[in-house]
Amino acid sequence: MLLESVAYARPETVDQALEMLSSTDGAAPLAGGQSLINVLKHRVASIELLVDISRLEELRTVQDRPDGTLEIGACVTYDELEHSEPARAAHAVLADVAGHIEDQQIRNRGTVGGNCCLSDPTNNLPPILVALGATMNIQSAGGVREVPAEEFFEGYFTTAVGEGELLRSITVPPLPAGGGAGYSTVAVGADSKALVRAAAMVRADGQIEDARVVLACVAPAPFRHTGMEGALRGSEATAAAVREASLVIGEDLSPPGDVHASADYRREMARVVARRSVWQAIEQGGGRRG
Amino acid sequence: MVEADQTHAIEVTINGERQAATVPARQLLVHFIRDTLGLKGTHIGCDTGSCGACSVIIDGKLVKSCMLLAPQADGAEIETVEGLSDGGELSPLQRAFNEQHGLQCGYCTPGVLMAATFLLRRNANPTEAEIRRAIRGNICRCTGYVNMVRSIEAAARATAGSIDAAARASAVIDHKEEEAQ
């Protein structure tokens with residue numbers, strides 16, 4: 001397929017990349033390109049200059065700090081995150097989510113930063129990052145600013161990253177004592193387009209002390225369902241109690257309906273995935289009752 | 001100053017051979033491989049990154065070559081289906097596809113062979129489930145997945161042992177009804 005004419009540049013530092021992005025009209029960062037190349041093929045965006053950031057070493061590492069915090073560079077690929085020892089040790093659920101994105105070819109090229117900055121509401125990583133309380137580190141010529149993942153995903157294909165800025169890395173705090181994480185999806189096919197997703201982080205010790213429950217695909221951006229979180233807090237860490245708490249999810253959701261599933265079906269499945277992700281989090285944290 | 005241009009001078013190593021060319025920035029890697037280098041073994045099935053027929057290995061990583069721009073491959077080592085055989089001698093993987101009828105129309109086969117090559121380098125003894133996951137990105141419109149899986153299993157056994165062992169292994173492959181992918 002013939003793409004529209006475009007210029008390409010491969011800067012050697014993040015500073016050079018930021019300079020090019022802020023000084024050129026119609027400049028866009030190119031990382032793994034697993035969505036952007038298709039956007040170019042369909043000619044739905046007018047891009048004059050592609051700034052290839054995929055090889056910038058500064059953006060390509062996964063590091064664990066002594067306090068257990070994980071820092072993931074924006075241009076780390078899904079495959080690298082899946083097989084990263086520090087990532088798996090700190091957040092096995094996050095590594096597993098990365099390992100179930102589409103197919104091997106896409107996992108070898110697609111990047112963590114790209115998955116977040118595209119902000120397609122069905123994308124895999126945003127809900128788990130919100131559940132884990134991650135921080136998005138956004139760099140510009142003026143320095144780095146930190147935005148909580150919860151505020152980063154603003155809506156359909158929009159994020160907190162502004163003109164002349166780049167997502168540099170994502171920091172994920174360690175799980176709290178007694179905490180665990182969970183993730184559940186209903187998709188059209190295995191590792192395929194998601195109809196509804198949920199991610200959870202729960203702290204429990206026979207009784208649920210704290211819970212973060214994030215729903216995705218049912219709104220323009222992933223969001224915490226504070227109603228279910230409130231219903232979980234203080235209740236027993238049993239499957240029955242989790243089920244009961246999930247019933248507060250309902251008419252407050254206005255999910256899209258399409259050829260794959262009706263809005264009603266997505267609403268019903270939102271309860272199911274919320275329940276599964278919370279239960280997985282309780283099991284992972286070892287906090288179930290009995 | 002960083003060069004920002006609509007054409008780029010690139011250099012790649014393709015199947016062990018060094019090649020230099022000046023490419024348009026908008027050229028997809030698959031077109032560079034097929035039209036500029038004349039290696040037509042890499043197929044274009046869908047042109048949208050969905051089918052995997054254009055899969056090649058770049059710097060050891062399996063990728064879809066319609067989802068990269070040619071300048072992004074600058075400096076890379078590229079392996080295509082043409083590089084699998086050794087001077088006309090089929091590789092164990094190709095031989096297994098031949099013996100196990102791992103292809104029907106053959107259009108998706110180059111991509112499947114590259115996906116299987118990537119898998120077997122990473123995991124020399126994959127389970128059936130791992131094989132199915134490894135070719136998840138490759139669509140066969142003949143739906144011939146069952147024999148592909150058998151072929152890859154046979155290739156894994158062949159490379160693990162001698163050619164005789166491979167023949168024995170392919171003879172004992174369980175031909176039970178399997179669910180197509």
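Which residue is the bridge partner of A:A9 in β1(B)? Select B:A4, the partner of A:A9, and start the tour there.

Some housekeeping before you click on. This is a predicted model, where local features need pLDDT of at least 70, side-chain atom pairs count only at pLDDT 80 or more, and totals for chains, interfaces and linings use all residues. Residues are numbered from 1 along each chain as its sequence is written, while chains are lettered from A and ligands numbered from 1 in the order in which they are written.

**Stop 1: the shared sheet**

Show strand β1 (residues 7–9) of chain A with β1(B): they pair in the antiparallel sense over two bridges. Strands here are DSSP runs of E, at least two residues, and helices are runs of H or I, at least four, numbered from the N terminus; two strands pair if DSSP finds at least two bridges between them. Now add the rest, and you have an open, mixed sheet of four strands in the order β2(A)-β3(A)-β1(A)-β1(B). β2 (27–30) of chain A and β1 of chain B are the edges, and each has a single partner strand, so one side of each has no neighbour in the sheet. Next, select strand β3 (residues 49–52) of chain A, which pairs with β2(A) in the parallel sense over four bridges; A:L49 is the bridge partner of A:A27 there.

**Stop 2: where the chains meet**

Widen the selection to the whole contact: 28 residues from chain B and 26 residues from chain A. Contact means C-beta atoms, placed from the backbone, within 7 Å. On the chain B side, β1 (4–5), β5 (61–64) and α3 (109–122) each supply at least two residues, and the largest share, four residues, comes from β5(B). That side divides into 13 nonpolar, eight polar and seven charged residues. Ala, Val, Leu, Ile, Met, Phe, Trp, Tyr, Cys and Pro count as nonpolar, Asp, Glu, Lys and Arg as charged, and the others, Gly among them, as polar. For the complex, the predictor gives an ipTM of 0.94 and a pTM of 0.93.

**Stop 3: chain A by domain**

Colour chain A as domain 1 (7–52), domain 2 (57–172) and domain 3 (179–285); the bounds come from an automatic or database assignment. The C-alpha centres of domain 1 and domain 2 of chain A lie 19 Å apart. Eleven residues of domain 1 of chain A touch 17 residues of domain 2 of chain A, and helix α1 (residues 14–23) of chain A gives the largest share of the domain 1 side, five residues.

**Stop 4: chain B by domain**

Do likewise for chain B, with domain 1 (7–83) and domain 2 (92–171). Their centres, over C-alpha atoms, are 23 Å apart. Here 14 residues of domain 1 of chain B meet twelve residues of domain 2 of chain B. Strand β4 (residues 55–58) of chain B gives the most to that domain 1 side, with three residues.

**Last stop: colour by confidence**

Mean pLDDT (the predictor's confidence in each residue, from 0 to 100) is 90 for chain B, with 88% of its residues at 70 or more. Over residues 162–169 of chain B, though, pLDDT is below 50. It also stays under 50 over residues 172–181 of chain B. Where pLDDT is low, predicted coordinates should not be read in detail.

Methods
Contact = placed C-beta atoms within 7 Å.
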